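Hi,

Here is the structure I promised to pass on. Have a look at it first, and then read on for what I found in it.

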Amino acid sequence: MNSRVRFTIQLSIEIIILCILLLLSIRYGANKNSNDTVMNAIFNYQSSNLDQQIIRQIRIPRVIGAALIGSALACSGALMQCVTKNPMADSGLLGINSGAALMLTMSFIFFPKLSTQQTTIFSVFGAALASILVFGLSSMKKAQLSPTILVLAGMAISAFFTALSEGLALISQLKQDLAFWHFGGISAVNWNQLIHLGPWVIGGLLVALLLTPNLNLLNLSDDSIQSLGKNINIIRSITLICVVILSGISVALVGAVAFVGLIIPHIAKFLVGADYRQVMPMTLILGANLTLCADLIARTINPPNETPFGIIISLVGVPFFIYLARKDNQRI
Amino acid sequence: MNIIETKNVCVSYEKKLTIHDLSIQIPKGQVTTLIGPNGSGKSTLIRTIAHLLHPCDGSVFLDSQNINQEKASDIAKKLAVLPQSSNTATDLTVKDLVTFGRIPYRKRFAPLSKLDHEKIDWAIERASLKDLQNRRLSTLSGGQRQRAWIAMAIAQDTDTIILDEPTTYLDLTHQLDVMLLIKELNEKEHRTIIMALHDLNHAARFSDQLIAIKKGVLQVSGPVQEVITKQNLRNIFNIDATIVNDHNKPLILTYNRWREGIAN
């Protein structure tokens, strides 16, 4: 089959699934709603109706947030894998999430009265700090960036930052508050956060889509890219800024969720091939689908209690990843 | 006329001075091959004239213009480079790879022009890859893959093509295919070819000019017949070679390590 036709079909299927998941997520939860209530809440809102209020004020922002964060995490994973030429890379592995987590913990402890927007600035700053450290450490010795050294530096930084934030949390007795957030929970996302942070996430995702022709180019060696007249450092820097913004915001909103960034790009490649112009849109939609699905399960599995959706993702993600790795060794 | 000239070039790589005070001239429209032992600085020199390394002293001239004063994207329209490490397997298709060759000519976010499509198809045709153009590089043999990389350089549509050891890791048939393709580009399209080779018989058979370097210092340069001599090979490679004449090109039949007093 022509790759473009295949891509169009696959993407359409994923978008349909996305729409179904969005509607299901709005309808089902600790509080079950009828179709009519959902439709009225969206198109014919009456603020006196409690069910409609729940849908409008709590569930819709939460669902949109879950979708955006899923896209953001998957996107930053795809970008990292591409830039480091390492199929196992994601923003977690390279210490970027832990940098964000450390700064967040510090902001919780030292400035407990900050709003989410303000703590997000801390988080993005932490992500930036970690990536500067990781890339700085790994490019200290040679002019060329080696993927192996990069991952080693990332793991070292990640361990160091995680130790620091856990220690800080223990000392200040914040452990309990942070635990849920460590596993990833989406319950806190509200309209206010969405309005302030959503545009940044959408902006980051758009830049990532515009970057895709250059991402394909990263398949070549640095020498080859340079000999085509392209500046590889500019491509790397823009990609990295994108990753810092996307993962910084995601960590601030839902915590350090593992596996989305790692598996989704592989599933996308498995479905549409290696061309990033096709892989990236697939990655964004698939990432949203995975988090939506996990969040829906997290809310309905044991109502009215919430299961952290990060756990669900790991539960679904790990076996699927192993299956993929076994089925098609070459692509992973 | 010379297409590339270096004047008193010194290059240091990883803080070691690898090329000392090197001045060479590479004539336009000919095949010029760099020869020399491992670690002699062949790759460093190739990368320097390809604008991938910057000399710490001296200058490189492309078409009489100092290469350091030109924009990388302008150089990419005059000079295509096939680095040594390039022959790696990726999941891209042959056509994707060849399309990269058009990057120096493309405006940001613009689709491929009619000319781009023509040049890409023509490069694929030239490298005899028509039947393989939609295959992934990772599914091709080493020789086919190398032809794909050369096709990318062809699509770049430059007067000069630089290749760093294009036949490494290939069996002898595929080596020959690659060399014949390169020669054809020179003869039929009058492109200047600059390459580094280890196989001296390939160098002698397919080149017009040879440049021999050892430990970053120019040993000898000139037409093939003048460079491949018993005395020169002894100086450059420390070998005692038996050289015969084959169709007016020197051919090395066999060689031994040269030891003082033993060789005749």
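Let's start where the two chains meet: 18 residues of chain B are in contact with 16 residues of chain A. On the chain B side, the elements giving two or more residues are helix 2 (72-75) and helix 3 (94-100) of chain B. Helix 2 of chain B gives the most, with three residues. If you sort the residues on that side of chain B by character, you get eleven nonpolar, five polar and two charged.

Before going further, keep in mind that this is a predicted model. The scores are ipTM 0.85 and pTM 0.84. For chain B, the mean pLDDT is 89, and 96% of the residues reach 70 or more.

Now for chain A. Its secondary structure comes to 13 helices and zero strands, so to speak a plain run of α elements from the N terminus on. Chain A has 332 residues, and 48% of them are buried. Among the contacts in chain A with a separation of 6 or more, 77% are between residues 24 or more positions apart.

One pair of helices in chain A is worth finding on your screen. As background, two packed helices are described by the angle between their axes and the distance between the axes. Here the pair is helix 3 (residues 50-84) of chain A and helix 10 (residues 232-254) of chain A, whose axes come within 9 Å and cross at roughly 145°. The crossing of helix 3 of chain A and helix 10 of chain A is left-handed. Residues making the contact include A:Gly65, A:Ile69, A:Leu73 and A:Ser76 from helix 3 of chain A, and A:Arg236, A:Leu240, A:Val243 and A:Ser247 from helix 10 of chain A. Taken together, the residues of this contact divide into 14 nonpolar, five polar and one charged.

While you are on helix 3 of chain A, look at A:Ala74, which lies in that helix. Is A:Ala74 buried or exposed? A:Ala74 counts as buried, because it has 32 C-beta neighbours inside 10 Å. Leaving aside neighbours within four places in sequence, A:Ala74 is in contact with eight residues that you can pick out one by one: A:Val260, A:Gly261, A:Ile264, A:Pro265, A:Thr283, A:Leu284, A:Leu286 and A:Gly287. A:Ala74 and A:Ala288 are 214 residues apart in sequence, yet their C-alpha atoms are 8.3 Å apart in space.

A:Cys293 is another residue to click on; you will find it in helix 12 (residues 276-300) of chain A. A:Cys293 counts as buried because 20 C-beta neighbours lie inside 10 Å, and 20 is where the buried class begins. From A:Cys293 to A:Ala72 there are 221 residues in sequence and 16 Å in space, C-alpha to C-alpha.

Over to chain B, which has strands to show. Four strands form an open sheet in the order 2-1-4-5, with antiparallel pairing. The edge strands are strand 2 (16-27) and strand 5 (65-66) of chain B, each pairing on one side only. Inside that sheet, strand 1 (residues 2-13) and strand 4 (residues 57-62) of chain B pair over five bridges, and B:Ile4 has B:Leu62 of strand 4 as its bridge partner. Helix 1 (residues 42-49) of chain B lies across strand 1, strand 2 and strand 4, at about 120° to strand 1 of chain B.

Elsewhere in chain B, strand 6 and strand 7 pair in the parallel sense over four bridges, with B:Leu82 standing opposite B:Leu163 in strand 7. Strand 6 (residues 79-82) of chain B is covered on both faces: B:Leu79 and B:Val81 are buried on one side, and B:Ala80 and B:Leu82 are buried on the other.

Lastly, two loop residues of chain B. Most residues other than glycine have a negative phi. B:Asp157 has a positive phi near 55° and sits in the loop between helix 5 (142-155) and strand 7 (160-164) of chain B. B:Asn248 also has a positive phi, about 65°, and its place is in the loop between strand 11 (239-246) and strand 12 (249-257) of chain B. Their surroundings differ: B:Asp157 counts as buried because of its 20 C-beta neighbours inside 10 Å, whereas B:Asn248, with 7, counts as exposed.

Cheers

Definitions and conventions: Residues numbered from 1 in each chain as written. Chains lettered and ligands numbered in written order. Predicted model: local features only at pLDDT ≥ 70, side-chain atom pairs only at ≥ 80, totals over all residues. Contact = placed C-beta atoms within 7 Å. Nonpolar A, V, L, I, M, F, W, Y, C, P; charged D, E, K, R; others polar. Buried ≥ 20, exposed ≤ 12 C-beta atoms within 10 Å, placed from the backbone. Axes fitted to C-alpha atoms, helices over the stretch in contact; angles between N-to-C directions. Left-handed = near helix turned anticlockwise from the far one by under 90°. Pairing = 2+ DSSP bridges. pLDDT = per-residue confidence, 0-100.
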